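Hi everyone, thanks for making time this morning. Let me put the sequence and the structure up on the screen, and then I'll walk you through a few spots.

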Amino acid sequence: QVQLAESGGGLVQAGGSLRLSCAASGRTFSSYAMGWFRQAPGKEREFVAGISWNNITTRYVDSVKGRFTISRDNAKNTVDLQMNSLKPDDTAVYYCAAGSSVVLGQYTYWGQGTQVTVSS
């Protein structure tokens, strides 16, 4: 089992950048695929980015490709999401998730979320 805690959210103007971080507890962090999801008010939660346990495979939703970058440090038990060129449509609560497969999109454990607000 793994516990996840997000940080780094906040208020930023359109065009700006934020870096989200997710700290994981547990000695098996390096065996999990990790992902970031988001949920905007009135909308369903959507996948944003994912990374395999060995840093080889990444996935992004089309709307963030070229703007967001996911990375992980297995020695520090962290996974980050660098968000550049932010748009008001990126406003949402962002969640970190851990699971078995980034390719299949299988995530089991979730953090509490961190709010990202992008003003126009």
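**Strand E9 and its partners**

Let's start with strand E4 (residues 33-39), which pairs with E9 in the antiparallel sense over 7 bridges. Two strands count as paired here if DSSP finds at least two bridges between them. The strand labels, E, are DSSP runs of at least two residues, helices (H or I) are runs of at least four, and the numbering goes from the N terminus.

Before going further, a word on what you are looking at. This is a predicted model, where local features need pLDDT of at least 70 and side-chain atom pairs count only at pLDDT 80 or more, while totals for chains, interfaces and linings use all residues. Residues are numbered from 1 along each chain as its sequence is written, and side-chain values use heavy atoms, with hydrogens and water left out.

Back to E9. Within the pairing to E4, Trp36 has Cys96 as its bridge partner in E9. E9 also pairs with E11, antiparallel over 3 bridges, and there Ala92 stands opposite Val116 in E11. Then there is strand E10 (residues 106-110), antiparallel to E9 over 4 bridges, where Gly99 is matched with Tyr107. E9 and E10 make a hairpin with 4 residues between them, and Gly105 in the turn has a positive phi of about 70°.

How much of E9 is covered? Mostly: 8 of its 10 residues are buried. By buried I mean under 20% relative accessible area; exposed is over 50%, and partly exposed is in between, using a 1.4 Å probe and protein chains only.

**The disulfide**

Now one for the cysteine fans: how many disulfides does the structure hold? The structure has 1 disulfide, and it joins Cys22 and Cys96, with the sulfur atoms 2.1 Å apart. The pair links distant parts of the chain, since Cys22 sits in strand E3 (residues 18-25) and Cys96 in strand E9 (residues 92-101), 74 residues apart. As a reminder, a disulfide is a covalent bond between the sulfur atoms of two cysteines; the test used here is a pair of cysteine sulfur atoms within 2.5 Å. The link of Cys22 and Cys96 is left-handed, with -80° about the S-S bond.

Are these two cysteines buried or exposed? Cys22 counts as buried because its relative accessible area is 0%, and Cys96 is buried too, at 0%.

**Strand E8 and Thr78**

From Cys22 we can step across to E8. E3 and E8 pair in the antiparallel sense over 6 bridges, and Thr78 is the E8 bridge partner of Ala23. On another edge, strand E7 (residues 68-73) pairs with E8, antiparallel over 6 bridges, and there Asp73 has Thr78 as its partner. The E7 and E8 strands form a hairpin with 4 residues between them, and Asn77 in the turn has a positive phi of about 60°.

Thr78 lies in strand E8 (residues 78-83) and is buried because its relative accessibility is 18%. Setting aside neighbours within four places in sequence, Thr78 is in contact with Cys22, Ala23, Phe29, Ser71, Arg72 and Asp73, where contact means heavy atoms within 4.5 Å.

Which residues of E8 cover its two faces? Thr78, Asp80 and Gln82 are on one side, Val79, Leu81 and Met83 are on the other, and all of them are buried.

**Glu6 and Thr114**

Next, two residues that touch each other. Glu6, in strand E1 (residues 3-7), is buried at 13% relative accessibility. Beyond its sequence neighbours within four places, the contacts of Glu6 include Cys22, Trp36, Cys96 and Thr114. The C-alpha atoms of Glu6 and Ala24, 18 residues apart along the chain, are separated by 8.9 Å.

Thr114 belongs to strand E11 (residues 114-119), and its relative accessible area of 11% makes it buried. With the same neighbours left out, Thr114 is in contact with residues including Glu6, Leu20, Ala92 and Tyr94.

**The largest pocket**

Last stop. The largest pocket holds about 200 Å³ of space. Of the 13 residues that line it, the closest to its centre are Arg38, Lys43, Glu46, Asp89 and Asp90. By class, the lining has 2 nonpolar, 3 polar and 8 charged residues. Here Ala, Val, Leu, Ile, Met, Phe, Trp, Tyr, Cys and Pro count as nonpolar, Asp, Glu, Lys and Arg as charged, and the others, Gly among them, as polar.

For the method, a pocket is an open set of points on a 1 Å grid over the protein atoms alone, with protein on both sides within 12 Å along at least five of seven lines, and lining residues have an atom within 4 Å of a point. Points are joined across faces, edges and corners, and the volume is the space filled by probe spheres set on them.

Thanks for listening!

Key
1 Å grid on protein atoms, 1.4 Å probe; cavity = no way out; pocket = protein on both sides within 12 Å on 5 of 7 lines; lining within 4 Å.
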